[in-house]
Amino acid sequence: MKGSLRAVFLTGAGVSAESGVPTFRGEGGLWRNFRPEELATPGAFKKDPWLVWQWYDWRRKILSGVRPNAGHRALSEIEKEKGAEGCTLITQNVDGLHQGAGSTNVLELHGSIWRLRCVLCAAAAENREVGLEEIPRCACGGLLRPAVVWFGEQLPEEVITAAVEAAGKADFMMVIGTSGVVQPAASLAVRAKENGAYVVEVNTEATPLTSIMDVTLQGRAGDILPLLL
Ligand code: OAD
(Lines give C-alpha, C1' and ligand atoms only; values in the text may rest on other atoms or scores of the structure.)
Protein backbone atom coordinates (compact mmCIF):
# COMPACT_ATOMS: atom_id res chain seq x y z
CA MET A 1 0.00 0.00 0.00
CA LYS A 2 3.07 2.26 0.22
CA GLY A 3 4.59 4.42 -2.51
CA SER A 4 2.96 6.39 -5.26
CA LEU A 5 0.18 3.93 -6.08
CA ARG A 6 -3.21 5.63 -6.07
CA ALA A 7 -5.55 3.79 -3.76
CA VAL A 8 -9.30 4.18 -3.60
CA PHE A 9 -11.49 2.62 -0.93
CA LEU A 10 -15.22 2.37 -1.65
CA THR A 11 -17.27 1.63 1.44
CA GLY A 12 -20.86 0.78 2.26
CA ALA A 13 -22.98 0.06 5.30
CA GLY A 14 -21.05 -3.15 6.09
CA VAL A 15 -18.03 -1.18 7.29
CA SER A 16 -20.16 0.37 10.04
CA ALA A 17 -22.01 -2.83 10.95
CA GLU A 18 -19.50 -3.77 13.63
CA SER A 19 -20.06 -0.37 15.26
CA GLY A 20 -23.72 -1.37 15.70
CA VAL A 21 -25.15 0.59 12.77
CA PRO A 22 -27.89 -1.31 10.91
CA THR A 23 -27.18 -2.07 7.24
CA PHE A 24 -29.88 -1.64 4.57
CA ARG A 25 -30.23 -5.11 3.08
CA GLY A 26 -29.77 -8.55 4.57
CA GLU A 27 -30.81 -9.74 8.00
CA GLY A 28 -31.97 -6.88 10.24
CA GLY A 29 -31.45 -4.42 7.36
CA LEU A 30 -33.37 -1.13 7.42
CA TRP A 31 -35.09 -1.86 4.09
CA ARG A 32 -36.36 -5.18 5.51
CA ASN A 33 -38.37 -3.26 8.12
CA PHE A 34 -39.11 0.10 6.52
CA ARG A 35 -40.36 1.13 3.10
CA PRO A 36 -37.88 3.47 1.41
CA GLU A 37 -40.60 5.21 -0.60
CA GLU A 38 -42.31 6.28 2.66
CA LEU A 39 -39.15 7.57 4.32
CA ALA A 40 -36.37 8.36 1.89
CA THR A 41 -37.85 10.21 -1.08
CA PRO A 42 -38.62 13.89 -1.71
CA GLY A 43 -42.30 12.87 -2.12
CA ALA A 44 -42.34 11.27 1.33
CA PHE A 45 -40.95 14.43 2.91
CA LYS A 46 -43.50 16.57 1.11
CA LYS A 47 -46.34 14.31 2.23
CA ASP A 48 -45.32 13.81 5.86
CA PRO A 49 -42.13 15.65 6.90
CA TRP A 50 -42.60 14.80 10.57
CA LEU A 51 -42.77 11.05 9.87
CA VAL A 52 -39.57 11.29 7.83
CA TRP A 53 -37.91 13.36 10.56
CA GLN A 54 -38.91 10.88 13.26
CA TRP A 55 -37.15 8.13 11.30
CA TYR A 56 -34.02 10.22 10.78
CA ASP A 57 -34.05 11.35 14.40
CA TRP A 58 -34.15 7.66 15.43
CA ARG A 59 -31.20 6.88 13.17
CA ARG A 60 -29.29 9.95 14.44
CA LYS A 61 -29.89 8.80 18.02
CA ILE A 62 -28.42 5.37 17.24
CA LEU A 63 -25.45 6.98 15.50
CA SER A 64 -24.78 9.45 18.29
CA GLY A 65 -24.10 6.47 20.58
CA VAL A 66 -21.73 4.51 18.35
CA ARG A 67 -17.99 4.75 17.75
CA PRO A 68 -15.77 4.04 14.74
CA ASN A 69 -14.57 0.43 14.70
CA ALA A 70 -11.28 -1.27 13.82
CA GLY A 71 -12.18 -1.13 10.11
CA HIS A 72 -12.71 2.65 10.10
CA ARG A 73 -9.53 3.11 12.14
CA ALA A 74 -7.46 0.97 9.77
CA LEU A 75 -8.60 3.05 6.77
CA SER A 76 -7.65 6.22 8.60
CA GLU A 77 -4.20 4.77 9.43
CA ILE A 78 -3.67 3.81 5.79
CA GLU A 79 -4.50 7.38 4.74
CA LYS A 80 -1.96 8.69 7.28
CA GLU A 81 0.73 6.32 6.01
CA LYS A 82 0.13 6.99 2.32
CA GLY A 83 -0.86 10.64 2.58
CA ALA A 84 -4.35 11.86 1.73
CA GLU A 85 -3.30 12.77 -1.85
CA GLY A 86 -2.85 9.19 -2.94
CA CYS A 87 -5.66 7.74 -0.88
CA THR A 88 -9.31 8.51 -1.56
CA LEU A 89 -12.13 7.13 0.52
CA ILE A 90 -15.47 7.09 -1.28
CA THR A 91 -18.34 6.18 1.02
CA GLN A 92 -22.04 5.59 0.58
CA ASN A 93 -22.43 5.94 4.32
CA VAL A 94 -24.00 9.04 5.83
CA ASP A 95 -22.89 8.27 9.39
CA GLY A 96 -19.65 10.30 9.55
CA LEU A 97 -17.76 7.41 11.17
CA HIS A 98 -14.84 7.53 8.69
CA GLN A 99 -14.20 11.17 9.62
CA GLY A 100 -14.74 10.22 13.28
CA ALA A 101 -11.85 7.76 12.91
CA GLY A 102 -9.64 10.48 11.42
CA SER A 103 -9.96 10.00 7.64
CA THR A 104 -9.81 13.35 5.85
CA ASN A 105 -10.02 12.64 2.11
CA VAL A 106 -13.61 11.37 2.22
CA LEU A 107 -16.17 11.72 -0.57
CA GLU A 108 -19.67 11.28 0.85
CA LEU A 109 -21.63 10.06 -2.18
CA HIS A 110 -24.95 10.02 -0.34
CA GLY A 111 -24.42 13.09 1.82
CA SER A 112 -24.33 13.29 5.60
CA ILE A 113 -27.04 12.64 8.17
CA TRP A 114 -25.32 15.27 10.36
CA ARG A 115 -25.89 18.12 7.90
CA LEU A 116 -29.28 19.77 7.38
CA ARG A 117 -30.42 21.70 4.33
CA CYS A 118 -33.29 24.14 3.91
CA VAL A 119 -35.86 23.05 1.35
CA LEU A 120 -36.53 26.72 0.49
CA CYS A 121 -33.21 28.60 0.43
CA ALA A 122 -30.86 25.54 0.32
CA ALA A 123 -28.71 26.91 3.19
CA ALA A 124 -26.92 23.96 4.79
CA ALA A 125 -25.23 23.55 8.16
CA GLU A 126 -23.97 20.85 10.46
CA ASN A 127 -26.44 19.86 13.16
CA ARG A 128 -26.02 17.09 15.75
CA GLU A 129 -29.13 17.60 17.86
CA VAL A 130 -31.17 14.50 18.58
CA GLY A 131 -34.52 14.01 20.29
CA LEU A 132 -36.41 16.45 18.10
CA GLU A 133 -39.85 17.58 19.22
CA GLU A 134 -40.72 19.33 16.00
CA ILE A 135 -39.42 19.71 12.47
CA PRO A 136 -36.32 21.93 12.51
CA ARG A 137 -36.62 25.18 10.56
CA CYS A 138 -34.18 27.45 8.78
CA ALA A 139 -33.78 31.14 9.71
CA CYS A 140 -35.69 31.89 6.47
CA GLY A 141 -38.68 29.90 7.77
CA GLY A 142 -38.25 26.92 5.42
CA LEU A 143 -38.27 23.33 6.64
CA LEU A 144 -34.86 21.78 7.19
CA ARG A 145 -34.23 18.26 5.88
CA PRO A 146 -31.30 15.88 6.28
CA ALA A 147 -28.69 16.64 3.60
CA VAL A 148 -28.68 13.05 2.37
CA VAL A 149 -29.45 11.73 -1.09
CA TRP A 150 -32.93 10.29 -1.31
CA PHE A 151 -34.24 7.86 -3.91
CA GLY A 152 -34.92 9.72 -7.13
CA GLU A 153 -32.40 12.48 -6.33
CA GLN A 154 -29.10 13.29 -8.02
CA LEU A 155 -25.84 12.78 -6.18
CA PRO A 156 -23.99 16.01 -5.31
CA GLU A 157 -22.37 16.96 -8.62
CA GLU A 158 -18.89 17.82 -7.33
CA VAL A 159 -18.75 14.67 -5.19
CA ILE A 160 -19.67 12.21 -7.94
CA THR A 161 -17.35 13.99 -10.38
CA ALA A 162 -14.44 13.64 -7.95
CA ALA A 163 -15.36 9.99 -7.25
CA VAL A 164 -15.50 9.08 -10.96
CA GLU A 165 -12.13 10.75 -11.50
CA ALA A 166 -10.53 8.98 -8.52
CA ALA A 167 -11.94 5.60 -9.63
CA GLY A 168 -10.67 6.14 -13.18
CA LYS A 169 -7.14 6.94 -11.98
CA ALA A 170 -6.92 4.28 -9.26
CA ASP A 171 -4.14 1.71 -9.33
CA PHE A 172 -5.84 -0.16 -6.53
CA MET A 173 -9.44 -0.19 -5.39
CA MET A 174 -10.83 -1.95 -2.37
CA VAL A 175 -14.60 -2.32 -2.17
CA ILE A 176 -15.70 -2.85 1.42
CA GLY A 177 -19.05 -3.80 2.93
CA THR A 178 -21.36 -2.82 0.12
CA SER A 179 -23.99 -4.97 -1.56
CA GLY A 180 -22.99 -3.34 -4.86
CA VAL A 181 -26.56 -2.93 -6.05
CA VAL A 182 -26.95 0.85 -5.79
CA GLN A 183 -25.81 3.02 -8.69
CA PRO A 184 -23.78 4.95 -9.51
CA ALA A 185 -21.68 3.83 -6.51
CA ALA A 186 -21.31 0.24 -7.72
CA SER A 187 -20.24 1.37 -11.21
CA LEU A 188 -17.18 3.06 -9.68
CA ALA A 189 -15.67 -0.38 -9.06
CA VAL A 190 -16.34 -1.38 -12.67
CA ARG A 191 -14.76 1.85 -13.87
CA ALA A 192 -11.65 1.25 -11.76
CA LYS A 193 -11.33 -2.30 -13.05
CA GLU A 194 -11.80 -1.22 -16.69
CA ASN A 195 -9.09 1.39 -16.23
CA GLY A 196 -6.61 -1.19 -15.05
CA ALA A 197 -6.92 -1.02 -11.27
CA TYR A 198 -6.32 -4.09 -9.15
CA VAL A 199 -9.67 -4.57 -7.43
CA VAL A 200 -10.26 -6.30 -4.11
CA GLU A 201 -13.52 -6.92 -2.29
CA VAL A 202 -13.98 -7.24 1.46
CA ASN A 203 -17.41 -8.55 2.39
CA THR A 204 -19.01 -11.21 4.53
CA GLU A 205 -20.91 -12.43 1.43
CA ALA A 206 -20.58 -12.59 -2.35
CA THR A 207 -22.09 -9.62 -4.23
CA PRO A 208 -22.83 -8.76 -7.87
CA LEU A 209 -19.35 -7.15 -7.93
CA THR A 210 -17.54 -10.30 -6.78
CA SER A 211 -17.12 -11.64 -10.33
CA ILE A 212 -15.03 -8.65 -11.48
CA MET A 213 -12.68 -8.76 -8.49
CA ASP A 214 -9.03 -9.77 -8.68
CA VAL A 215 -9.24 -10.92 -5.09
CA THR A 216 -12.14 -11.45 -2.71
CA LEU A 217 -11.53 -11.41 1.02
CA GLN A 218 -14.52 -12.95 2.71
CA GLY A 219 -14.99 -11.79 6.28
CA ARG A 220 -15.71 -8.82 8.48
CA ALA A 221 -14.19 -5.46 7.63
CA GLY A 222 -13.13 -4.93 11.24
CA ASP A 223 -11.11 -8.17 11.17
CA ILE A 224 -9.65 -7.87 7.66
CA LEU A 225 -8.77 -4.17 7.27
CA PRO A 226 -6.35 -4.02 10.25
CA LEU A 227 -4.36 -6.80 8.53
CA LEU A 228 -3.58 -4.38 5.66
CA LEU A 229 -1.47 -2.36 8.07
P1 OAD B 1 -26.29 -2.80 2.09
O2 OAD B 1 -27.05 -2.96 3.35
O3 OAD B 1 -27.02 -2.92 0.82
O4 OAD B 1 -25.09 -3.86 2.04
C5 OAD B 1 -24.25 -4.06 3.13
C6 OAD B 1 -23.18 -5.03 2.70
O7 OAD B 1 -22.25 -5.17 3.77
C8 OAD B 1 -23.69 -6.44 2.38
O9 OAD B 1 -23.11 -6.87 1.15
C10 OAD B 1 -23.17 -7.30 3.55
O11 OAD B 1 -22.84 -8.62 3.13
C12 OAD B 1 -21.92 -6.54 3.94
N13 OAD B 1 -21.51 -6.66 5.35
C14 OAD B 1 -22.30 -6.73 6.45
N15 OAD B 1 -21.56 -6.74 7.57
C16 OAD B 1 -20.25 -6.67 7.16
C17 OAD B 1 -19.00 -6.60 7.85
N18 OAD B 1 -18.92 -6.64 9.18
N19 OAD B 1 -17.88 -6.53 7.10
C20 OAD B 1 -17.93 -6.49 5.76
N21 OAD B 1 -19.08 -6.54 5.06
C22 OAD B 1 -20.23 -6.62 5.75
O23 OAD B 1 -25.52 -1.40 2.20
P24 OAD B 1 -24.91 -0.50 1.03
O25 OAD B 1 -24.29 -1.34 -0.03
O26 OAD B 1 -24.07 0.52 1.70
O27 OAD B 1 -28.55 4.59 -0.06
O28 OAD B 1 -26.19 0.19 0.46
C29 OAD B 1 -26.05 1.14 -0.55
C30 OAD B 1 -27.08 2.21 -0.41
O31 OAD B 1 -28.38 1.62 -0.36
C32 OAD B 1 -27.02 3.03 0.87
O33 OAD B 1 -26.06 4.07 0.83
C34 OAD B 1 -28.42 3.58 0.96
C35 OAD B 1 -29.20 2.34 0.62
O36 OAD B 1 -30.45 2.55 0.07
C37 OAD B 1 -29.33 5.65 0.14
O38 OAD B 1 -29.97 5.81 1.16
C39 OAD B 1 -29.33 6.61 -1.01
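In this predicted model, the side chains of arginine 35 and glutamate 38 meet in a salt bridge, with 3.0 Å from N to O. That pair belongs to a structure that holds 12 salt bridges, and the model also contains a ligand, which sits in the largest pocket. The points below take the charged pairs, then the ligand and its surroundings.

**Salt bridges**

- Side chains of opposite charge can pair when their charged atoms come close.
- Arginine 35, one partner of the pair described above, has a relative accessibility of 47% and counts as partly exposed, because that value falls between the 20% limit for buried residues and the 50% limit for exposed ones.
- Its partner, glutamate 38, also counts as partly exposed, with a relative accessibility of 40%.
- Glutamate 108 and arginine 115 form another salt bridge, in which the closest N and O atoms are 3.8 Å apart, a separation that is within the 4 Å cut-off applied to such pairs.
- Within this second pair, glutamate 108 counts as buried because its relative accessibility of 15% is under 20%, whereas arginine 115 is partly exposed, with a relative accessible area of 33%.
- Lysine 169 and glutamate 165 likewise bring their side chains together in a salt bridge, where the distance from N to O is 2.8 Å.

**Polar contacts of the ligand**

- A polar backbone atom of phenylalanine 24 lies 2.7 Å from an oxygen atom of the ligand.
- Asparagine 203 contributes through its side chain, a polar atom of which is placed 2.6 Å from an oxygen atom of the ligand.
- For alanine 221 the atom concerned is a backbone N or O, and it lies 2.9 Å from a nitrogen atom of the ligand.
- Taken alone, the ligand exposes 800 Å², and the protein buries 90% of that area.

**Residues around the ligand**

- There are 23 residues around the ligand, and those that come nearest are Phe24, Arg25, Thr178, Ser179 and Asn203.
- Two of these nearest residues, Phe24 and Asn203, have already appeared above, Phe24 with a backbone atom and Asn203 with a side-chain atom.
- Sorted by class, the shell around the ligand comprises eight nonpolar residues, 11 polar residues and four charged residues.

Definitions and conventions
Residues numbered from 1 in each chain as written. Predicted model: local features only at pLDDT ≥ 70, side-chain atom pairs only at ≥ 80, totals over all residues. Heavy atoms only, no water. Near = heavy atom within 4 Å. Polar contact = N/O pair within 3.5 Å; in protein donor to acceptor, adjacent residues only side chain to side chain. Areas by Shrake-Rupley, 256 points an atom, 1.4 Å probe, with all protein chains shown as cover. 1 Å grid on protein atoms, 1.4 Å probe; cavity = no way out; pocket = protein on both sides within 12 Å on 5 of 7 lines; lining within 4 Å. Sits in = over half its atoms within 2 Å of the grid points. Nonpolar A, V, L, I, M, F, W, Y, C, P; charged D, E, K, R; others polar. Buried < 20%, exposed > 50% of the residue type's maximum accessible area, 1.4 Å probe, protein only.
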